[in-house]
Every structure is written in structure tokens, then in C-alpha cells.
Amino acid sequence: MPKNLSHPRSPSAIKDFYTAIHTRMAQRADQSDTRPTIREFVATLSRFSIASAGQALDAGCGGTAAVAIACANHGFGGVQAIDINVESLRLAKSLVGPADRVIHLSCGSVLSLPFPDRTFDFAACVGVAHHTPDPERVIAELARVVRPRGRMYFSVYCFADSVFECAVQALRCLGAHVSFGFMHRVSGKSHVMNNFVLDHMYVPTLWVFRAEEVRTLLARHGFSMLEEWSSVMDPFAQHGWLGRKISGDGLMRVWLCERR
């Protein structure tokens with residue numbers, strides 16, 4: 001079973017957390033989004049020759065809609081981007097720019113996608129499922145809306161039973177005694193602090209997986225794995241046994257799948 005490192009938070013506290021984090025991300029993305037996970041996603045579209053015919057989904061677009069913008073730039077004729085936070089969608093709308101003729105932003109939950117069965121030829125859920133109350137339900141919903149032979153790009157934290165997990169546990173313990181508002185005011189302007197340290201420290205819902213657990217869930221819901229890898233955001237993955245001790249199966253691990 002994946003590990004649940006979540007901390008109970010009120011709905012207003014959850015909204016404030018995501019709005020603050022996504023606002024900083026959106027400010028940096030105003031010129032170009034250079035996050036390693038986004039560069040990796042763009043490269044994957046080309047590396048695997050993902051066909052751009054049909055409809056694409058960005059499930060959990062956050063405040064930048066960077067995955068949706070990448071899909072539009074790749075050539076998809078229609079891109080749906082959803083997020084549960086209205087303020088994040090407002091930020092994303094300001095960044096979509098010329099792609100607004102292709103991208104449709106809407107408020108919704110990845111736990112109950114507001115789309116009919118078999119709507120999409122391609123779906124992406126990038127670093128989102130592990131921040132929901134029910135990650136398996138997210139996979140089930142993605143399986144429902146992706147057409148047979150459609151592709152999916154899926155990534156989650158896979159650092160269970162690692163040194164990094166211990167570090168995150170320590171950060172979250174500290175975060176229980178120091179307010180997010182204070183920490184974000186004094187350090188949130190830093191890209192690394194906002195996108196990485198404070199995110200792990202304060203995000204309300206946090207699941208951590210082993211790779212085999214994710215493979216099992218994807219297969220259970222009708223996905224065939226085409227390829228998987230440890231994300232480029234993990235600097236330890238290339239160091240063999242030592243790297244696995246530090247970051248497990250990956251600070252973030254990526255799966256490219258096909259719907260059976």
C-alpha cells in the first residue's frame with residue numbers, strides 16, 4: 001500500500017496553500033515555464049511521436065496550465081484543462097495566451113472528471129494524483145475518459161522507504177509547528193523553496209508510492225505500460241544502488257501508458 005503522509009487541513013487552508021504556491025509558479029511562467037517536469041513532458045511528446053489528432057486532457061492543470069499549453073503547441077485541436085481551485089484557473093487563464101482558441105479551462109475534480117466516457121485520445125496527469133484523497137480513483141477516472149488505444153502520461157511521487165521520505169517526514173513535522181504563511185512570506189520567492197521544499201512541507205494531501213504499486217493500479221484499470229522512468233527532476237536516479245537508497249523508485253516517476 002502507498003504511504004499516506006497527509007495532514008488534515010480546513011478547506012480554506014487548502015485553498016490558501018494552492019493559491020499561494022500556484023501564484024508564484026504563474027509569475028515565473030509568465031515568460032516561459034522552465035520546470036524540469038514540463039521540459040520532460042514536452043520532450044516525451046516528441047520522443048514517442050505522440051499523435052496530435054483528436055482531444056487532449058490536462059488533469060489538474062494548476063495555475064500555469066503548462067501541460068495544456070504544451071499539448072496545444074504540439075498540435076492537438078482541442079485541449080481540456082481542469083483544476084479544482086478557481087483561483088489557480090484564473091492564473092492559468094492569464095498565461096494561456098494565443099492558445100485560448102484550443103484550450104478550454106474548467107473547474108472540476110480529477111476524482112470525478114466532468115467528461116463522457118472515451119472522450120480523449122491523450123491524457124496527462126502530471127504530479128497530481130498523489131495530492132488527492134484517492135489516487136486509485138484518479139486512475140479509474142482517467143481510464144474511463146481515455147479511448148481504447150489512447151495514450152496517457154502519468155507521474156507520481158515514488159520515494160517510499162527512502163532517505164528522501166525521511167527528510168520529507170521531518171519537513172512536515174517542522175511544518176506542523178511553523179505556519180505556511182510565515183514560511184512562504186520569507187522564502188516563497190525562491191523557485192526551489194516554492195515549488196519543492198514548501199510544497200513537500202505543507203501540501204495537505206500527500207501519498208508516496210513504490211513503482212510496483214503504481215504498475216498494479218494502472219494495469220488494474222486497463223492501462224498497458226509502454227515505458228516508465230525516473231523523472232529528470234530526480235538527480236539521484238543515475239547513481240544506482242546509492243540513488244535508490246536516497247530517492248527510492250524516483251522523487252517523481254513517469255509512466256507512458258496505452259488504454260487497452
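1. Start with Arg 35. In this predicted model, Arg 35 sits in the loop that joins helix 1 to helix 2. Is Arg 35 buried or exposed? Arg 35 counts as buried, because its relative accessible area is 17% and the cut-off for buried is under 20%. Leaving aside residues up to four places away in sequence, Arg 35 touches Met 25, Thr 64, Ala 66, His 191 and Asn 195.

2. Compare that with Arg 39. Arg 39 belongs to helix 2. Its relative accessibility is 48%, so Arg 39 counts as partly exposed. Arg 39 and Leu 206 are 167 residues apart along the chain. Their C-alpha atoms are separated by 24 Å.

3. Next, the largest pocket. Its volume is about 1200 Å³. How many residues line the largest pocket? The lining has 48 residues. Tyr 18, His 22, Gly 127, Val 128 and His 131 lie nearest the centre of the pocket. Several elements each give two or more residues to the lining: helix 1 (11-29), helix 2 (36-47), helix 3 (66-74), strand 3 (78-83) and helix 8 (191-202). Helix 1 gives the most, with eight residues.

4. Look at the chemistry of that lining. By class, 26 of the lining residues are nonpolar. Another 17 are polar, and five are charged.

5. Now find Phe 154. Phe 154 is part of strand 6, which covers residues 146-156. Its relative accessible area is 2%, so Phe 154 is buried. What does Phe 154 touch, not counting residues up to four places away in sequence? The contacts are Cys 125, Ala 129, Ile 139, Leu 142, Val 214, Leu 218, Arg 253, Val 254 and Trp 255. For a sense of distance, take Pro 36. Phe 154 and Pro 36 are 118 residues apart in sequence. In space, their C-alpha atoms are 15 Å apart.

6. Two of those contacts lead to helix 9, residues 211-220: Val 214 and Leu 218 touch Phe 154, and both are among the buried residues of helix 9. The others are Ala 211, Glu 213 and Leu 217. Why do the buried residues line one face of helix 9? Seen down the helix axis, they fall within an arc of 160°, so they line one face. The general rule helps here. An α-helix has 3.6 residues a turn, so residues three or four places apart point the same way. What covers the buried residues of helix 9 includes helix 5 (135-145), strand 6, strand 8 (223-230) and strand 9 (253-259).

7. Helix 7, residues 180-187, can be read in the same manner. Its buried residues are Phe 180, Met 183, His 184 and Ser 187. Viewed down the axis of helix 7, these fall within an arc of 95°, so they line one face of the helix. Where are Arg 185 and Val 186? They are exposed, on the face of helix 7 turned away from its buried side.

8. Check the cysteines. The count of disulfides is zero. Cys 71 is in no disulfide, and the nearest cysteine sulfur, in Cys 61, is 11 Å away. Cys 71 counts as buried because its relative accessibility is 0%. Why is Cys 158 not bonded to Cys 257? Cys 257 holds the closest cysteine sulfur to that of Cys 158, but the 12 Å between them is too far for a bond. Cys 158 also has 0% relative accessibility, so Cys 158 counts as buried.

9. Finish with the backbone. Most residues other than glycine have a negative phi, and most peptide bonds are trans. Ser 49 is not a glycine, but its phi is positive, near 50°. Ser 49 lies in the loop between helix 2 and strand 2 (55-59). Its relative accessible area is 61%, so Ser 49 is exposed.

10. Ala 65 is another case. Ala 65 has a positive phi of about 50° although it is not a glycine. Ala 65 is in the loop between strand 2 and helix 3. Is Ala 65 buried or exposed? With 0% relative accessibility, Ala 65 counts as buried. A glycine gives a further positive phi: Gly 222 follows helix 9, with phi near 90°.

Terms used: Residues numbered from 1 in each chain as written. Predicted model: local features only at pLDDT ≥ 70, side-chain atom pairs only at ≥ 80, totals over all residues. Heavy atoms only, no water. 1 Å grid on protein atoms, 1.4 Å probe; cavity = no way out; pocket = protein on both sides within 12 Å on 5 of 7 lines; lining within 4 Å. Points joined across faces, edges and corners; volume = space filled by probe spheres on them. Helix = DSSP H or I, 4+ residues; strand = E, 2+ residues; numbered from the N terminus. Nonpolar A, V, L, I, M, F, W, Y, C, P; charged D, E, K, R; others polar. Buried < 20%, exposed > 50% of the residue type's maximum accessible area, 1.4 Å probe, protein only. Contact = heavy atoms within 4.5 Å. Arc of directions from axis to C-beta. Disulfide = S-S within 2.5 Å.
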